[in-house]
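Visitor: Got a minute to walk me through this one? I'd like the fold basics first, then the odd spots.

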Amino acid sequence: MDYRIATPADREDAIDFANYVFSQAHRPHDFKKLLPKEYADHVLGEAVHYLACREDGHIRAMVADRPMQMRMGGETLRIGFVGTVSVHPYARGEGHMKHLMQMMLDDAQEREFDLLALGGLRQRYGYFGFECAGVAAAYTITETNVRHALREIDDSAIRFTELTNSDPRGMDFCWKLANARKIVCDRPRDAFLDVMHSWESRMRVIRDGETPIGYVMGASKPRLEGHIGELGLKNEGDLPRVIKALFREDGMTAFTLSVAPYETERAEKLGAFAEHVQLVPQECIRVLNWAHVLSAALSLKAEYADLEDGETVLTIGNATYALAVKDGKASVSPTNAAPDRVLSEMEAIRALFGVESAFYRDRIYHDWLPLPMYFSSADTF
């Protein structure tokens, strides 16, 4: 068996292999269309980092990661999104995924990533130190909600147009608005449509008459029940009109909209009429640089929440950190002080970033939890 980091010359074989494995396990897959930001023909081969296992020249297993910069709390984290984890049906149970995942972790450490993230079965990736993290509020809005609660809202001027490269003004507006999010990954302007078309999504400009006021990323075809991947608005006061217009435009009976923890105004507006809301986890993460990740997350939390002053000392794995908030400013630093709590790395992810941390009443954490960790579907792999 030949385990190695793949080269750009392996790219087409890797895509063909992933299409075969995922098509066998699920519905037919064409990754060039599903994830154009990674696999479209015009994307450079080195945009995705592959690790592959070959036998007699044929790929038997593959892991890929996409290196990105994630802006959060005024800081920039180096993050790797792990995806397209695949093993040939005839080679399962031979330990290839275990070997490649460990190679990927070692490689990420060498490249000094702060954080790794992936979507997948919790226990499967728990063996490699990944744990569920992040809290989003998933609001379900139905046509009945709209018909009654928004009956007086005039949405007649709201219209939606597909965003294309032939609309430079619309592109500039949407790109700047999308990149103004408090947590956002790399979205270069020349690759913006590829990013927003992830997972067969449509990308539309929302206009009030002729004036752009926002964008909506969602399912490529209208469905009776759908999920809005990302909704950006210049003014949150337009939210009721836009939601009412989406039902009119797409003919849906219901859709779900995920709200990031820092989108407090949006949560308040949706809470007034949505059918129900659920707290849901985001991706599974593995933290490689705890000081940097904690600093970014606590700093962001201090931006949108009135956190009480205090200090907490935590031992996480083999290192100890002092987390502090003073006059609305957050700080995280290594320390030799005695810890208030000793946690494994996976315990720390659950305690600090997990859904259940929203219910903690342990005063060593003050009122800081849960710390924010949010990934838009446009950025995931």
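Guide: We'll go from the overall chain to sheets, cysteines and unusual backbone. Keep in mind that this is a predicted model.

Visitor: How many helices and strands does the chain have?

Guide: The chain has twelve helices and 19 strands. Its radius of gyration is 22 Å, close to the 21 Å that the globule rule gives for 381 residues, so the chain is as compact as a globular protein of that length.

Visitor: What box do the C-alpha atoms fill?

Guide: Roughly 65 × 55 × 35 Å, along the principal axes.

Visitor: And what share of the residues is buried?

Guide: Buried residues make up 56% of the 381. The accessible surface is about 17,300 Å², with 49% of that belonging to carbon and sulfur atoms.

Visitor: What share of the contacts comes from residues 24 or more positions apart?

Guide: They account for 71% of the contacts with a separation of 6 or more.

Visitor: Sheets now. What is the strand order in the open sheet of four strands?

Guide: E18-E17-E16-E19, with mixed pairing. E18 (329–334) and E19 (341–343) are the edge strands; each has a single partner strand, so one side of each is left without a neighbour in the sheet. On average, neighbouring strands are turned by 25° against each other, direction ignored.

Visitor: In which sense do E17 and E18 pair?

Guide: Antiparallel, over six bridges, with E17 spanning residues 319–326. Alanine 324 has serine 331 in E18 as its bridge partner.

Visitor: Which strands does helix H11 lie across?

Guide: H11 (residues 290–304) lies across E16 (310–316), E17 and E18. It runs at about 170° to E18. Helix H12 (residues 345–353) also packs on the sheet, where it touches E16 and E19. The direction of H12 makes about 115° with that of E19.

Visitor: Change of topic. How many disulfides does a search of the whole structure find?

Guide: Zero.

Visitor: Why is cysteine 132 not bonded to cysteine 284?

Guide: Their sulfurs are 4.0 Å apart, too far for a bond. The cut-off for a disulfide is 2.5 Å. For cysteine 132, the sulfur of cysteine 284 is the closest cysteine sulfur.

Visitor: Where do those two cysteines sit relative to each other?

Guide: Cysteine 132 stands opposite cysteine 284 in E15. Two bridges join E6 (residues 131–132) to E15, and these strands run antiparallel. Cysteine 132 is partly exposed, at 24% relative accessible area.

Visitor: What else pairs with E15?

Guide: E5 (residues 115–118) does, antiparallel, through four bridges. There, leucine 118 stands opposite cysteine 284.

Visitor: Which way do the E15 side chains point?

Guide: Cys284 and Arg286 point one way, Ile285 and Val287 the other. All four residues are buried. That fits the usual pattern: in a regular strand the side chains alternate between the two faces of the sheet.

Visitor: Back to sulfurs. How far is cysteine 185 from the closest cysteine sulfur?

Guide: 16 Å, to cysteine 284, which is too far for a bond. Cysteine 185 counts as buried, at 1% relative accessibility.

Visitor: Odd backbone next. Where is there a cis peptide bond?

Guide: Between leucine 369 and proline 370, with omega about -5°. Proline 370 lies in the segment after H12.

Visitor: What about tryptophan 199, what is its phi?

Guide: About 55°, which is positive although tryptophan 199 is not a glycine. It lies in the loop between helix H8 (192–196) and strand E10 (201–208). Tryptophan 199 counts as partly exposed, at 36% relative accessibility.

Visitor: And aspartate 327, buried or exposed?

Guide: Exposed, at 62% relative accessibility. Aspartate 327 is in the loop between E17 and E18. Its phi is near 55°, again a positive value in a residue other than glycine.

Visitor: Last one. What do E2 and E3 form?

Guide: A hairpin with two residues between the strands. Aspartate 56 in the turn has a positive phi of about 55°. Seven bridges join E2 to E3 (residues 58–72), antiparallel. Arginine 54 stands opposite isoleucine 59 in E3.

Visitor: Which strand pairs with E2 over four bridges?

Guide: E1 (residues 2–5), also in the antiparallel sense. Arginine 4 stands opposite alanine 52 in E2. E2 (residues 49–55) is mostly covered, with six of its seven residues buried.

Definitions and conventions:
Residues are numbered from 1 along each chain as its sequence is written. This is a predicted model: local features need pLDDT of at least 70, side-chain atom pairs count only at pLDDT 80 or more; totals for chains, interfaces and linings use all residues. Side-chain values use heavy atoms; hydrogens and water are left out. Two strands pair if DSSP finds at least two bridges between them. Axes are lines fitted to C-alpha atoms, for helices over the stretch in contact, and angles run from 0 to 180 degrees between N-to-C directions. Contact means heavy atoms within 4.5 Å. Buried means under 20% relative accessible area, exposed over 50%, partly exposed in between (1.4 Å probe, protein chains only). The radius of gyration is taken over C-alpha atoms; the globule rule is 2.2 Å times the number of residues to the power 0.38. Accessible areas come from the Shrake-Rupley method with a 1.4 Å probe; for residues, only the protein chains shown count as cover.
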